[in-house]
Amino acid sequence: MNARTIVTIYLLAQAVGTAAWWCALLIVPESTDWFQPASWPDDALLGFWFADGLLVVGGSLVTAVMISKKLPHSSVAIWMLAVTTWYPTLYCIGVSVLTGEAWLASGLMSCMAGLTLSMATIHGTPNQAPATFRAGAMTKTTAVVWTFTQLVIFWGVFLWVLPMAILEMEGHLGLARFKHSFRDLFSMAAFIASSLLGLWSAWTMATRGEGTPLPTATASKLVIAGPYRWIRNPMALAGILQGIAVGCWFGSPAVIAYACAGIPVWHYMVRPSEEADLLMRFGHDYENYRKSVRLWIPRIGKNQFESLRN
């Protein structure tokens, strides 16, 4: 499936999903209690129906048609749509920070805005690419700046906004949380250790591979230095462990389940395309590396590919 088809399908799904959500809110106004601070009247949220309907639903449909038909200015349209989705997202997050409520709305908006931005970055990917991966030449300094900017966004969304949304949903559903005597110490130690692994991996990718974790700005060189000597995707492992640590801190089975869900998502949806791209670009070198270094379980010992280090 080429990038244009992926983007078109997503935008159509976004338009239908957003429209269905608004229909549910308008038909059952009491459902707004899940998505806004308790002190707000129902009309405070429902008043956004026209803007969302015109800009998000309508904008997604129009942009999907433009991209599917390869019309001029489709790239401009999808970037405008991405900006449009991020404004209400930041507004929702601001409200949640100030009130400590409505995290479910912030979480849903963050997902939509993040996915729309991802669609904007993959739009225009060559049809012959294995999926949405694109390596471009960039200096080490640029790679480091972009990599750590991405980390701030990823960690903010996946380790703060979405867990808070899950915790809020647990409250609405009346789900119990667990307690344990060593929760704080264990959770903090696990989070710090996994974060250091993530930072080390990001630094290695940026400085050795001259690229970022984002598929559309991926490393232009094969990276087998740093933590990549022992495990093929330490960043994915670090992110999952961070999420589990956050779930343990809050005593939330749902947050832990959310973090663990990243394993099959990455393994079956991201990994095949990533490995196909690496095999296409690096051939025999990557094949040897893949045979020697495990995917999820580190292999501690002598690295057989020191000669390939960047």
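Biologist: Which residues make the nonpolar surface patch of about 540 Å²?

Modeller: In this predicted model, that patch is built from Leu26, Trp49, Phe50, Leu54 and Leu55. Helix H3 (residues 49-68) gives the largest share of the patch, with four residues.

Biologist: Phe50 sits in helix H3. Why is phenylalanine 50 called exposed?

Modeller: Exposed means over 50% relative accessible area. Phenylalanine 50 has 51% relative accessibility, so it counts as exposed.

Biologist: And what makes tryptophan 49 partly exposed?

Modeller: Partly exposed runs between the 20% and 50% cut-offs. Tryptophan 49 comes in at 47%, so partly exposed is the label.

Biologist: Now the rings. How many aromatic pairs are there?

Modeller: The count comes to nine. Take tryptophan 49 and phenylalanine 50: their ring centres are 5.6 Å apart and their planes are at 70°.

Biologist: Why is that pair called edge-to-face?

Modeller: Centres within 6.5 Å make a pair, and planes over 60 degrees apart make it edge-to-face. With 5.6 Å and 70°, tryptophan 49 and phenylalanine 50 therefore fit that label.

Biologist: What makes the pair of tryptophan 200 and tryptophan 230 tilted?

Modeller: Their centres are 6.2 Å apart and their planes are at 50°. That angle is neither under 30 nor over 60 degrees, so the pair is tilted.

Biologist: Which parts does this pair tie together?

Modeller: Tryptophan 200 lies in helix H7 (residues 183-208) and tryptophan 230 in the loop between H7 and helix H8 (234-250), so the linked parts are 30 residues apart in sequence.

Biologist: Which residues do ring pairs link into a cluster?

Modeller: Trp21, Trp22 and Phe35.

How values were computed:
Residues are numbered from 1 along each chain as its sequence is written. This is a predicted model: local features need pLDDT of at least 70, side-chain atom pairs count only at pLDDT 80 or more; totals for chains, interfaces and linings use all residues. Side-chain values use heavy atoms; hydrogens and water are left out. Patches are made of residues with over 30% relative accessible area and no salt bridge: like charges are joined within 9 Å, nonpolar side chains (Val, Leu, Ile, Met, Phe, Trp, Tyr) within 5 Å. Accessible areas come from the Shrake-Rupley method with a 1.4 Å probe; for residues, only the protein chains shown count as cover. A salt bridge is a side-chain nitrogen of Lys or Arg within 4 Å of a carboxyl oxygen of Asp or Glu. Helices (H or I, at least four residues) and strands (E, at least two) are DSSP runs, numbered from the N terminus. Buried means under 20% relative accessible area, exposed over 50%, partly exposed in between (1.4 Å probe, protein chains only). Rings of Phe, Tyr and Trp (its six-membered ring) pair if their centres lie within 6.5 Å; planes under 30 degrees apart count as stacked, over 60 as edge-to-face and the rest as tilted.
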